[in-house]
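Visitor: I should like to go through the reasoning behind several descriptive terms. Please set each value against its definition.

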Amino acid sequence: MATAPSTTPTTATSTATTTSTVTETRTVEWCIVGAGPVGISMALLLAKEHSAHVSVFEARDTLPLTFDNSYPIGINPRALHALRRISPALATRAVDSGLVVDGWRIMAKTTQIASIDSGKVIGTTRALINKLLYEEACTIPNISFHFGHRLLSVDFETHQLNFDSGGSTVVVSATRVIGADGVRSACRVSMESNTDLRTLITPWNVHFRVLYSKSGVSSPLMDPSYHYIISPISAYAAIVGKNIWSASLTVKPASPEEELLMSNEASPENIRKLKKYIADGAPQLVPLFDDDEYTKFFSRRTFTGAVVKCSHYNYGEWMLLLGDAAHAVVPPTGEGTAAGLEDTEILSNLLSTHPTAAFTEYTAQRLPDLHGLWEIAEFLKDGLTASSREKAARVIVSIGLAVARKVGIVGTSYEELTFGRHSEDLVPYRQVADRWRSQNSALLSIARTLTWSDGKKLP
């Protein structure tokens with residue numbers, strides 16, 4: 001049984017202290033590798049809807065469950081639908097944890113150049129959603145957590161997984177396995193090395209590092225009900241929780257600011273340079289952060305990732321990849337957490353309708369949707385490091401489509417289907433991608449010509 005956390009836990013911690021090399025063997029019904037939001041959500045649905053006994057193995061000794069070692073995310077209706085499936089009360093707590101995002105404002109410093117409406121997304125952090133799910137799972141006797149267990153290898157013939165736990169080897173025999181261990185998935189690596197799985201993995205080629213304000217601090221140039229995308233420094237500013245501003249700074253490789261933004265040294269000179277960097281590129285952020293926060297910035301971790309595409313997601317009916325392990329995207333899609341949580345709903349449905357072929361059916365049903373999402377994610381990933389001309393072309397497209405929608409020339413947009421007024425329709429990603437492609441392709445070619453861009457075609 002999972003040990004219940006304290007009322008306000010900040011970490012979930014391993015109790016393993018062994019340093020021996022003695023091999024331990026365990027037999028479990030369901031083995032889930034990864035205790036992130038997707039892994040825990042799947043454990044909850046398996047336990048609640050299928051009375052399954054679930055063992056969750058996590059490589060880290062602790063889960064980061066506080067906002068200051070996480071990053072901002074938006075919980076859209078697709079994600080809320082999955083959370084509500086687990087527990088209506090859980091979904092309510094998720095909604096209450098943040099503010100409704102009325103929309104996104106795209107800024108050139110303090111000048112607004114475009115906007116995207118929402119009103120359907122809750123601004124929060126990945127850590128907070130993980131915390132809520134972990135608390136829920138700790139109330140379920142059928143779910144056990146095993147922290148400090150790093151997956152070493154998988155034997156697909158004997159259906160065993162080998163974990164390192166504090167220097168000892170733990171061999172787990174499982175009836176079924178869910179690989180929900182993130183973008184650097186050891187389950188996926190093992191599947192690709194030992195089965196016919198093929199993948200395409202493209203790094204983001206950027207890092208993100210986050211600043212956080214003190215509670216209740218504000219800027220006269222910023223509305224807390226909106227999120228801000230601010231050029232030229234590519235900062236993403238958003239309220240996390242109810243009254244704390246965050247600013248995610250993008251670190252591009254070989255850029256003039258890379259050394260500064262990746263530094264771990266909070267020297268007076270680095271702090272001075274960081275203040276100037278923000279004041280010059282995003283002056284509306286200046287009132288939000290004090291000297292203490294500028295110092296903390298250099299001790300915070302940086303985040304990076306990759307876009308992942310898989311040829312399929314299952315190894316027979318024994319192992320299945322979910323979430324970022326199967327289809328990691330990039331933050332601008334706004335769909336990373338939502339897509340992973342939707343995975344768990346779809347699998348739970350199939351375990352009821354196709355109990356002996358659920359993994360195979362999952363791949364068949366889910367592949368077209370996740371490949372559609374991959375197409376959008378690849379395009380948005382390229383935008384993170386695009387030239388100024390390419391970025392200008394993309395802004396022209398956004399403005400042009402907004403005008404076209406207002407006069408009725410084009411229909412519902414990709415943004416409206418994923419986090420806008422039609423997002424509650426939960427349109428499958430393959431249809432979202434079709435809409436995105438049809439609306440963007442021709443206009444983007446024209447915009448690139450106007451900005452003397454490189455004429456790259458949509459992926």
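Guide: In this predicted model, Asn205 counts as partly exposed, at 46% relative accessibility.

Visitor: Why is Asn205 called partly exposed?

Guide: Buried requires under 20% and exposed over 50%, with partly exposed in between. The 46% of Asn205 falls in that middle range, so the residue counts as partly exposed. Asn205 is placed in the loop between β12 (199-203) and β13 (207-212), and its phi is near 65 degrees, a positive value in a residue other than glycine.

Visitor: Why does Ser51 count as exposed?

Guide: The relative accessibility of Ser51 is 55%. Exposed means over 50%, so Ser51 counts as exposed. Ser51 belongs to the loop between α1 (37-50) and β3 (54-58). Its phi, near 50 degrees, is positive in a residue other than glycine.

Visitor: What makes α2 and α10 oblique to each other?

Guide: The axes of α2 (residues 77-86) and α10 (residues 336-353) cross at roughly 45 degrees and come within 8 Å. Roughly parallel needs an angle under 35 degrees, and roughly perpendicular needs 65 to 115. An angle of roughly 45 degrees fits neither class, and the two helices are therefore oblique. The crossing of α2 past α10 is left-handed.

Visitor: Which residues of α2 and α10 make the contact?

Guide: On α2 they are Arg78, Ala79, His81, Ala82, Leu83 and Arg85, and on α10 they are Ala338, Leu341, Glu342, Glu345, Ser348 and Asn349. Five of the contact residues are nonpolar, three polar and four charged.

How values were computed. Residues are numbered from 1 along each chain as its sequence is written. This is a predicted model: local features need pLDDT of at least 70, side-chain atom pairs count only at pLDDT 80 or more; totals for chains, interfaces and linings use all residues. Side-chain values use heavy atoms; hydrogens and water are left out. Helices (H or I, at least four residues) and strands (E, at least two) are DSSP runs, numbered from the N terminus. Buried means under 20% relative accessible area, exposed over 50%, partly exposed in between (1.4 Å probe, protein chains only). Axes are lines fitted to C-alpha atoms, for helices over the stretch in contact, and angles run from 0 to 180 degrees between N-to-C directions. Angles under 35 degrees count as roughly parallel, over 145 as roughly antiparallel, 65 to 115 as roughly perpendicular and the rest as oblique. A crossing is left-handed if the near helix is turned anticlockwise from the far one by less than a right angle, and right-handed if clockwise. Contact means heavy atoms within 4.5 Å. Ala, Val, Leu, Ile, Met, Phe, Trp, Tyr, Cys and Pro count as nonpolar, Asp, Glu, Lys and Arg as charged, and the others, Gly among them, as polar.
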